[in-house]
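Subject: The model you asked about

Hi,

Here is the structure, ready to open in your viewer. Have a look first, and then read on for what turned up.

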Amino acid sequence: MIKIEITETSVICDGHACYAEKGKDIVCEAITALFQTLDQSLEVLTNDHFTTFMKSGHTELVNEHPSKEGKLLMDAFSLGAEMISSAFPDYVRVSKH
């Protein structure tokens with residue numbers, strides 16, 4: 001299961017969905033694409049200073065002082081993650097703090 005923890009300033013994703021075999025796991029790929037889109041959108045579309053850490057099964061993004069645009073992008077990630085969790089509740093869990 002992928003556990004996603006979201007705060008106003010951070011996103012942490014831990015685990016693997018195990019929905020299908022590696023390379024065919026659409027749930028893992030959806031969360032990965034969403035996370036990478038957040039990372040690149042913050043980089044290209046804002047002047048926010050943030051840190052990102054990515055490895056297999058664990059990703060973190062910390063944006064200590066998100067701009068208005070940065071907050072909107074992080075909210076969009078949250079919405080997308082919740083939609084995936086609703087569609088695949090046995091594979092993705094989102095908690096917001």
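By class, how many nonpolar, polar and charged residues does the lining of the largest pocket have? Keep that one in mind while I go through the fold; I'll come back to it. One caution before anything else: this is a predicted model.

**The sheet**

Start with the strands. There are five of them, and they make an open sheet whose order is β3-β4-β2-β1-β5, with mixed pairing. At the edges sit β3 (51-55) and β5 (92-96), each of which pairs on one side only. From one strand to the next, the twist averages 10°.

As a reminder, strands of a sheet pair through backbone hydrogen bonds, either parallel or antiparallel. Here is how some of the neighbours line up:

- β1 (residues 2-6) and β2 (residues 10-14) run antiparallel and are joined by four bridges. The connection between β1 and β2 is a hairpin of three residues. Across this pair, E5 faces I12 of β2, and I6 has V11 as its bridge partner in β2.
- β2 also pairs with β4, again in the antiparallel sense, over five bridges. On this side, D14 is opposite H58 of β4, while I12 is opposite E60 of β4. So I12 is worth clicking on: E5 stands opposite I12, and I12 stands opposite E60.
- β3 and β4 are antiparallel too, with five bridges between them. T51 has V62 as its bridge partner in β4. In the hairpin of β3 and β4 there are two residues between the strands, and G57 has a positive phi near 85° there.

**The helices**

Two helices to look at next. Helix α1 (residues 26-45) packs on the sheet and touches β1, β2, β3, β4 (58-62) and β5. The direction of α1 makes about 25° with that of β4. Helix α2 (residues 68-87) packs on the sheet as well, touching β1, β2, β4 and β5. For α2, the angle with the direction of β5 is about 140°.

**The pocket**

Now back to my opening question. The largest pocket has a volume of about 430 Å³. Of the 21 residues in its lining, H16, C28, T32, S56 and G57 are the closest to the centre. You have met G57 already, in the hairpin of β3 and β4. The elements giving two or more residues to the lining are α1, β3 and β4, and α1 supplies the largest share, with six residues. As for the classes, the lining has seven nonpolar, nine polar and five charged residues.

**The aromatic rings**

Last item: the structure holds three aromatic pairs. One of them is Y19 with Y91, and why is the pair edge-to-face? The ring centres of Y19 and Y91 are 5.1 Å apart and the planes are at 85°, so the pair is edge-to-face, since planes over 60 degrees apart count that way. This pair links distant parts of the chain, 72 residues apart: Y19 is in the loop between β2 and α1, and Y91 is in the loop between α2 and β5.

That's the tour.

Cheers

Technical notes
Residues are numbered from 1 along each chain as its sequence is written. This is a predicted model: local features need pLDDT of at least 70, side-chain atom pairs count only at pLDDT 80 or more; totals for chains, interfaces and linings use all residues. Side-chain values use heavy atoms; hydrogens and water are left out. Two strands pair if DSSP finds at least two bridges between them. Axes are lines fitted to C-alpha atoms, for helices over the stretch in contact, and angles run from 0 to 180 degrees between N-to-C directions. Contact means heavy atoms within 4.5 Å. On a 1 Å grid over the protein atoms alone, a cavity is a set of points where a 1.4 Å probe fits but cannot get out, and a pocket is an open set with protein on both sides within 12 Å along at least five of seven lines; lining residues have an atom within 4 Å of a point. Grid points are joined across faces, edges and corners, and a volume is the space filled by probe spheres set on the points. Ala, Val, Leu, Ile, Met, Phe, Trp, Tyr, Cys and Pro count as nonpolar, Asp, Glu, Lys and Arg as charged, and the others, Gly among them, as polar. Rings of Phe, Tyr and Trp (its six-membered ring) pair if their centres lie within 6.5 Å; planes under 30 degrees apart count as stacked, over 60 as edge-to-face and the rest as tilted.
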